[in-house]
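The exercises below are intended for a reader who meets this structure for the first time. Each consists of a task and a solution that proceeds step by step.

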Amino acid sequence: MIFQRPKHLKGELTVPGDKSISHRAVMFGSLAEGTTEISNFLQGADCLSTIDCFRKMGIEIENTPDRILIHGKGLHGLSVPSDVLDTGNSGTTTRLISGILAAQPFETTLTGDASIKKRPMRRIIEPLSMMGADISSVNGNDCAPLHIVGGPLHGIHYHSKIASAQVKSAILLAGLYADGVTKVTEPTVSRNHSEIMLNCFGASVSTEDTTVTIYPEPVLHGQKVMVPGDISSAAYFIAAGLLVPGAEVLIRNVGINPTRDGILKVAEAMGGKITYLNVNQSGEPTADLLVEHSVLHGITIEGEIIPTLIDELPIINVMAACAEGTTIIRNAEELRAKESNRIDVMVDYLSAMGCNITGTNDGMIIEGGNPLHGITVDPRLDHRIAMSFAVASLFADGETKITDSDIVTVSYPNFYEDLYRLTH
Ligand code: S3P
């Protein structure tokens, strides 16, 4: 894909369904009794990998253009998979499903693409093993492929060193099958979609400060799940709308769960004008976001806000590169464990475009305001890198070329069409 500076950016869009919530709706629907109906499901490669895994374990899933129907078989209804389970590029599928597989009365092997085979799995191997699970990395490098021999599990109280919803959710899902109560304490709160949705399905999950408690063996019942638009996908148009001179973008039906809305707080602290319209606070909160061109300035981003914007840091880097003054990002070492090493990749490519950016162990320092010029970007199997540089190209002289641009289908299959429509 080749991009050039646009003349304008204007219009309305609806971003695809939330990736985290779509994954969970398929998983919990499969473990529930009766039918779960999901609307606005993200038809992205990651969530399709989750569907594929549960189909291989005997769950009938109908995927039609307007809804997904999951014919759940209850907590103990999964069957021995017909094949190795392939989670593709999806860390969420790999880690969450491991918590379920650890408790099944059969063995499974989980594998994925070249990116997944480099991502750290010790973070789930350790707590699941403490619960009694037999889970190992086939190549002994703490990465996928993983071999899991399911069996009886114990409830534990796990104190996680990292704020990770994938780790927390893997333990909570294993906790559904444990012989007692399971608790997870995190250093700061990570996204809480599992807690909200498990309770809707009939589980008993409570949260106090940074500790989540789950009781075992609930009967889960099929639900109607309305997936809100993904704030992580909206983030690219929030950034573009704030930065392109004269821009005005209305993004409809965006999920604004407070454990996910750090990008909105950061945008506002940088001087961005975003108006919330049609706010709906029931269940997973949503709003329409009106984003208007603003002059942005650098800020410091650190501490407990980091987990609430972790997936948005690449596009926040682009905002910082175009803002006036210095932006400092700290406590974001988790960026090194994503689909790519997002600290190194952002520093490499933003520097190549002319930005003054320095990587640190746990973040980056960006001196905004340098003129940017077009380059060629290989997104390294990372959808968010591809989309961040498509947006950066809007502010660069000359052409920006993105190779392997199809990687955006992981979370936002129509991303380039939406960007083209708003800029033409
Ligand atoms: C996710 C949690 C986050 C996030 C990922 C989706 C989830 O990962 O980066 O894109 O759906 O639970 P971590 O749990 O590793 O922080």
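Two strands are said to pair if DSSP finds at least two bridges between them. The model examined here is predicted.

**Exercise 1. Determine which residue stands opposite T275, and describe the strands involved.**

Step 1. Begin with the two strands: β16 covers residues 273-280 and β17 covers residues 286-292. They pair in the antiparallel sense, over six bridges.

Step 2. Within this pairing, T275 faces L290 of β17.

Step 3. Turn to the connection. β16 and β17 make up a hairpin, with five residues between them. In the turn, G283 has a positive phi of about 60 degrees.

**Exercise 2. Describe the hairpin that joins β4 to β5.**

Step 1. Locate the strands: β4 comprises residues 60-63, and β5 comprises residues 67-73.

Step 2. State their relation. The two run antiparallel and are joined by four bridges; in this arrangement N63 is placed opposite I68 in β5.

Step 3. The hairpin passes from β4 to β5 through three residues.

**Exercise 3. Give the order of the strands in the open sheet of four strands, and explain why one side of β6 and of β8 has no neighbour.**

Step 1. The order is β6-β7-β9-β8, and the pairing is mixed.

Step 2. β6 (85-86) and β8 (134-137) are found at the edges. Each has a single partner strand, so one side of each is left without a neighbour in the sheet.

Step 3. Examine the contact of β8 with β9, which holds residues 146-149: these strands run antiparallel, with four bridges between them. S137 stands opposite L146 in β9.

Step 4. Consider the loop between β8 and β9, where P145 has its place. The peptide bond that leads from A144 to P145 is cis, its omega being near 0 degrees.

**Exercise 4. Carry out the corresponding analysis for the open sheet of three strands.**

Step 1. This sheet has the order β1-β25-β23, with mixed pairing.

Step 2. Its edges are formed by β1 (2-3) and β23 (376-377). Because each of these has a single partner strand, one side of each lacks a neighbour in the sheet.

Step 3. β1 pairs with β25 (residues 400-402) in the antiparallel sense, over two bridges. F3 is set opposite T400 in β25.

**Exercise 5. Characterise the surroundings of the ligand: which residues are the closest, and which polar contacts are made?**

Step 1. The ligand is surrounded by 13 residues, using a cut-off of 4 Å between heavy atoms. The closest are S20, R24, S164, D311 and K338.

Step 2. Sort the shell by class: two residues are nonpolar, four are polar and seven are charged.

Step 3. Examine the contacts with oxygen atoms of the ligand. An N or O atom in the side chain of R24 is 2.7 Å from a ligand oxygen. For the side chain of D311, the corresponding distance is 2.6 Å. A165 takes part through a backbone N or O atom, which lies 3.0 Å from an oxygen atom of the ligand.

Step 4. Assess the burial. The ligand taken alone exposes 390 Å², of which the protein buries 95%. The ligand sits in the largest pocket.

Step 5. Assign the shell to elements. Those giving two or more residues are α1 (19-31), α3 (91-101) and α5 (165-175). α1 gives the most, with three residues.

**Exercise 6. State where N40 is found and what its phi value is.**

Step 1. N40 belongs to the loop between β3 (33-39) and α2 (45-56).

Step 2. Although N40 is not a glycine, its phi is positive, at about 60 degrees.

Methods. Residues are numbered from 1 along each chain as its sequence is written. This is a predicted model: local features need pLDDT of at least 70, side-chain atom pairs count only at pLDDT 80 or more; totals for chains, interfaces and linings use all residues. Side-chain values use heavy atoms; hydrogens and water are left out. A polar contact is a pair of N or O atoms within 3.5 Å; within protein, one must be able to donate a hydrogen and the other to accept it, and residues adjacent in sequence count only if both atoms are side-chain atoms. Accessible areas come from the Shrake-Rupley method with a 1.4 Å probe; for residues, only the protein chains shown count as cover. On a 1 Å grid over the protein atoms alone, a cavity is a set of points where a 1.4 Å probe fits but cannot get out, and a pocket is an open set with protein on both sides within 12 Å along at least five of seven lines; lining residues have an atom within 4 Å of a point. A molecule sits in a cavity or pocket if more than half of its atoms lie within 2 Å of its grid points. Ala, Val, Leu, Ile, Met, Phe, Trp, Tyr, Cys and Pro count as nonpolar, Asp, Glu, Lys and Arg as charged, and the others, Gly among them, as polar.
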